[in-house]
Amino acid sequence: MISDHQLSNIVDNANANIVSIINHYGPELDTSSQRGTRGKALCPFHNEQTPSFHVTNAKGIYKCFGCGKGGDAVDFLMEYKGYGFIEAIRELARYLNITINETASSRSKDYKSPAEIIDGIIKVKHSIRKTGEARLCFSKKDAKQLQKKGIKNLLHIKTYRSPQVELLARYAKDAIFYPEGLNKQKFFMALRITADEDLDIKIAKQVDDQPVHWIDFVIKNFSRTKEIRHKCLRIIAGFDSDLKRAVERKYFSKKWNRNSKESLG
Ligand SMILES: [Zn+2]
């Protein structure tokens with residue numbers, strides 16, 4: 001297995017040299033005006049007369065302004081050569097003269113690589129890095145269905161306190177997570193992860209086709225400490241304004257009722 005550290009190293013190196021990589025594996029690029037750090041060519045993915053396929057080392061990407069195809073060095077090999085993700089990584093490592101050390105690591109027996117903790121995390125990380133987004137699902141059944149639909153940036157989380165969630169909090173903190181297949185129970189789990197781990201999970205406005213579950217839940221369960229309440233209010237701040245108002249009304253009217261009772265009593 002390729003360690004995560006090595007993977008990042010290969011991907012970063014490849015993207016910093018994407019011009020020479022595409023020159024080598026793909027169409028010959030015209031790099032005359034930019035000293036080899038940028039290049040353009042006729043797009044290899046669609047027919048055209050003037051070059052709209054651009055590559056830049058500084059951004060580590062290719063982009064065609066004709067057909068819209070774009071991505072990084074790994075994407076290029078996957079798209080152009082039809083390689084799988086790991087195949088593309090191995091090919092890039094070869095090109096960059098990076099030796100992949102796949103012997104068992106010297107870490108303790110308890111050490112689990114990110115790929116062992118979350119199935120598919122490397123692919124997802126790759127996708128998160130590009131789009132800043134990932135989908136979360138909370139059951140095997142949902143995961144299978146979504147995979148069938150061809151959804152790539154998918155993570156399967158089993159419980160809200162798990163090594164998987166800790167890994168995500170460490171690994172993909174800046175990403176936005178969209179939960180999939182939420183029922184009431186899964187929805188609570190997503191909220192817990194958001195509040196406890198500070199991940200940015202955007203929750204849809206309807207759960208089980210009922211938009212109100214979460215309002216009560218937030219109020220009942222997330223008012224335990226000031227800190228958690230603040231996080232909750234931040235989650236709520238990300239919702240549509242009509243729902244936000246509904247929560248605020250309910251939350252503040254309860255608080256107001258309680259305060260007025262206290263002051264009376
Ligand atoms: Zn194109």
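Okay, let's start where two helices meet: Ala73, Val74, Leu77 and Met78 in α3 are in contact with Phe85, Ala88, Ile89, Glu91 and Leu92 in α4. Before I go on, a reminder that this is a predicted model, so keep that in mind throughout.

Two packed helices are described by the angle between their axes and the distance between the axes. Here, the axes of α3, residues 73-81, and α4 come within 9 Å, and they cross at roughly 115°. That crossing of α3 and α4 is right-handed.

If you follow α4, residues 85-96, off its end, you run into the loop that leads to α5, residues 114-117, and Asn97 sits in that loop. Have a look at the backbone there: Asn97 has a positive phi of about 60°, although it isn't a glycine. Is Asn97 buried or exposed? Asn97 has 7 other C-beta atoms within 10 Å, so it counts as exposed.

Let me zoom out for a second. The protein chain has 12 helices and 8 strands. Of its 265 residues, 29% count as buried. And if you take the contacts between residues at least 6 apart in sequence, 52% of them join residues at least 24 apart.

Now the strands. Strands of a sheet pair through backbone hydrogen bonds, either parallel or antiparallel. We have both kinds of pairing to look at. There's an open sheet of 4 strands, in the order β1-β2-β3-β4, and the pairing there is antiparallel. Its edge strands are β1, at 38-41, and β4, at 70-71, each of which pairs on one side only. Between β1 and β2, residues 53-56, there are 4 bridges, and the two strands run antiparallel. If you want a spot to click on, Ala41 stands opposite Phe53 in β2.

For the parallel sense, go to β7. β5 and β7 pair that way over 4 bridges, with Arg135 standing opposite Tyr178 in β7. β7 also pairs in the parallel sense with β8, residues 200-201, over 2 bridges. There, Asp200 in β8 is the bridge partner of Ile176.

So which side chains of β7 point to the buried face? In β7, residues 176-179, they alternate: Phe177 and Pro179 point to one face and are buried, while Ile176 and Tyr178 point to the other and are not.

Phe177 turns up again in the core. The largest nonpolar core has 24 residues, and the ones touching the most other members are Ala134, Leu136, Leu155, Phe177, Ala190, Ile193 and Ile201. Which elements give two or more residues to this core? Those are α6 (121-131), β5 (133-137), β6 (154-156), α8 and α9 (184-197). The largest share, 6 residues, comes from α9. Apart from this core lies another one, of 23 residues, including Ile22, Val55, Phe76 and Leu92. Leu92 is also one of the α4 residues I began with, in contact with α3.

Last stop is α8, residues 163-171, where Gln164, Val165 and Leu168 are buried. Why do we say they line one face of the helix? Looking down the axis of α8, the buried residues fall within an arc of 95°, so they line one face. Over on the other side of α8, Glu166 and Arg170 are exposed.

That's my tour, thanks.

Conventions. Residues are numbered from 1 along each chain as its sequence is written. This is a predicted model: local features need pLDDT of at least 70, side-chain atom pairs count only at pLDDT 80 or more; totals for chains, interfaces and linings use all residues. Two strands pair if DSSP finds at least two bridges between them. A residue is buried if 20 or more other C-beta atoms lie within 10 Å of its own, exposed if 12 or fewer, and partly exposed in between; C-beta atoms are placed from the backbone. Two residues are in contact if their C-beta atoms, placed from the backbone, lie within 7 Å. The arc is that of the directions from the helix axis to the C-beta atoms. A nonpolar core is a set of buried Ala, Val, Leu, Ile, Met, Phe, Trp, Tyr and Cys residues joined through C-beta atoms within 7 Å. Axes are lines fitted to C-alpha atoms, for helices over the stretch in contact, and angles run from 0 to 180 degrees between N-to-C directions. A crossing is left-handed if the near helix is turned anticlockwise from the far one by less than a right angle, and right-handed if clockwise.
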